[in-house]
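Please go through this structure with me, working from the sheet outwards to the loops and the ligand.

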Amino acid sequence: MEGDEAYGTGFLMDEPEDYYPPSPPPTKQIFGMQNGKQVTLHLVGHSPTEAHHLWNGAKFISDYFEQDPSRVEGKSVLELGAGAGLPSLVAGILGARKVVMTDFPDPDLVANMQKNIDECNATVEPEGHVARTIDAAGFVWGADPEPLLARLAPACQEGDGGDGMQRGFDVLVLADLLFRHSEHGALVKTIKETMRASPDSAAYVFFTSYRPWKQDLDMGFFDVARNAGLEVEQVSERKLEKPLFEGDPGDLDVQKTVKGFIVRWPVEDCNS
Ligand SMILES: C[S@@+](CC[C@H](N)C(=O)[O-])C[C@H]1O[C@@H](n2cnc3c(N)ncnc32)[C@H](O)[C@@H]1O
């Protein structure tokens with residue numbers, strides 16, 4: 001894994017256009033779903049925010065959804081820091097009601113997410129389903145959630161009007177986002193502001209500690225979530241044959257491990 005978490009959110013606009021060396025070209029990966037469907041993922045060329053890879057988190061949340069499609073079927077889904085947006089595409093394919101795929105509001109990142117939606121749409125029946133269901137949007141963690149909530153159907157945008165329907169998304173996706181330790185508070189803020197206050201809502205947080213010596217700092221995210229009043233449960237742990245980046249320094253077992261957690265509202269904070 002390159003770089004560190006120490007970049008600010010204004011950096012994309014701060015540098016003169018020719019500040020960075022020329023970007024390597026965009027790449028493409030094919031992800032094979034367990035049902036045999038192949039999903040094409042375009043990835044931007046080198047990205048200072050690490051959007052140019054397909055990370056373990058995205059692949060394993062997608063697998064986790066496919067193991068039990070009821071995790072997303074008929075539900076509203078919000079993905080943060082989506083990169084190529086694989087879990088959003090898989091959720092759409094598995095029958096999610098509405099999906100909002102978000103990443104840093106850099107025009108190239110948003111255009112790339114839309115390209116992946118369009119390409120997936122062309123391969124999934126009925127025609128137009130994926131394009132109608134999945135939106136691509138720019139969103140900085142911790143920012144005003146209203147533009148995201150506005151994309152939900154009116155019934156899910158209202159507060160509890162007596163019908164028990166709370167405002168917000170049923171499912172959140174955070175795939176390999178914990179490496180930016182300074183942003184843990186912003187991520188938790190966004191979870192609380194966008195996840196429907198229901199015991200059935202779930203934020204899926206899957207990740208690998210690619211820098212094993214910072215594993216404790218990655219795990220610190222869950223302390224931030226608990227301190228903010230959310231519940232945390234580990235639901236998965238898988239050891240891969242190889243690390244994503246061969247030759248990287250640090251404990252190889254940690255580099256090969258993908259952990260999956262669910263963050264939820266406590267029942268006492270939910271009205272329904
Ligand atoms: C390690 S990549 C993970 C990408 C994808 N979720 C996956 O698993 O393949 C981290 C992603 O978070 C995005 N990101 C980083 N900081 C962000 C921020 N402050 N707000 C929104 N997105 C951010 C990056 O652009 C990048 O796509």
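The questions and answers below concern a predicted model.

Q: In what order do the seven strands of the open sheet lie, and which are the edge strands?
A: The sheet is open and its pairing is mixed. Its order is β5-β4-β3-β6-β7-β9-β8. Each edge strand pairs on one side only, and these strands are β5 (134-138) and β8 (231-239).

Q: By how many degrees are neighbouring strands of this sheet turned against each other on average?
A: The value ignores strand direction. On average, the turn between neighbouring strands of this sheet is 20°.

Q: Which strands does helix α9 touch, and what angle does its direction make with that of β8?
A: Helix α9 covers residues 215-227 and packs on the sheet. It touches β7, β8 and β9. With the direction of β8, the direction of α9 makes an angle of about 160°.

Q: In which sense do β8 and β9 pair, and which residue of β9 stands opposite Gln234?
A: Strand β9 spans residues 257-264, and eight bridges link it to β8. The two strands pair in the antiparallel sense. Opposite Gln234, the residue in β9 is Phe261.

Q: Which strands pair with β6, and which residues stand opposite Leu172?
A: On one pairing, β3 (residues 76-80) joins β6 in the parallel sense over four bridges. On another, β6 and β7 (residues 202-207) run parallel and are joined by five bridges. Leu172 of β6 has Leu78 opposite it, and in β7 the residue opposite Leu172 is Ala203.

Q: Which residues of β6 point one way and which the other, and are they buried or exposed?
A: In a regular strand, side chains alternate between the two faces of the sheet. In β6, Val171, Val173 and Ala175 point one way, while Leu172 and Leu174 point the other way. Five of the five residues of β6 are buried, so the strand's state, under a cut-off of 20 or more other C-beta atoms within 10 Å, is buried.

Q: What is the handedness of the β-α-β unit made by β6, α8 and β7?
A: The unit takes in β6, α8 and β7. Between β6 (171-175) and α8 (184-194) there is a loop. The handedness of the unit is right-handed.

Q: Which residue in the loop between β6 and α8 has a positive phi, and is it buried or exposed?
A: Asp176 lies in this loop. Its phi is positive, about 55°, although Asp176 is not a glycine. Because 27 other C-beta atoms lie within 10 Å, Asp176 is buried.

Q: Why is helix α3 largely enclosed by the rest of the structure?
A: The buried residues of α3 include Leu86, Leu89, Val90 and Ile93. Just after the helix, Gly95 takes a positive phi of about 100°. Helix α3 (residues 86-93) is largely enclosed because its buried residues number eight of eight.

Q: Where is the cis peptide bond from Glu125 to Pro126 found?
A: The bond from Glu125 to Pro126 has omega near -10° and is cis. Pro126 sits in the loop between α4 (107-121) and α5 (129-133).

Q: How many residues surround the ligand, and how do they divide by class?
A: The shell holds 22 residues. Thr49, Ala51, Ala58, Gly81 and Gly83 are the closest. By class, the shell has five charged, five polar and 12 nonpolar residues.

Definitions and conventions: Residues are numbered from 1 along each chain as its sequence is written. This is a predicted model: local features need pLDDT of at least 70, side-chain atom pairs count only at pLDDT 80 or more; totals for chains, interfaces and linings use all residues. A residue is near a molecule or strand if its C-beta atom, placed from the backbone, lies within 6 Å of it. Ala, Val, Leu, Ile, Met, Phe, Trp, Tyr, Cys and Pro count as nonpolar, Asp, Glu, Lys and Arg as charged, and the others, Gly among them, as polar. A residue is buried if 20 or more other C-beta atoms lie within 10 Å of its own, exposed if 12 or fewer, and partly exposed in between; C-beta atoms are placed from the backbone. Two strands pair if DSSP finds at least two bridges between them. A crossover is right-handed if, with the strands pointing away from the viewer, the path from the first strand over the helix to the second runs clockwise. Axes are lines fitted to C-alpha atoms, for helices over the stretch in contact, and angles run from 0 to 180 degrees between N-to-C directions. Two residues are in contact if their C-beta atoms, placed from the backbone, lie within 7 Å.
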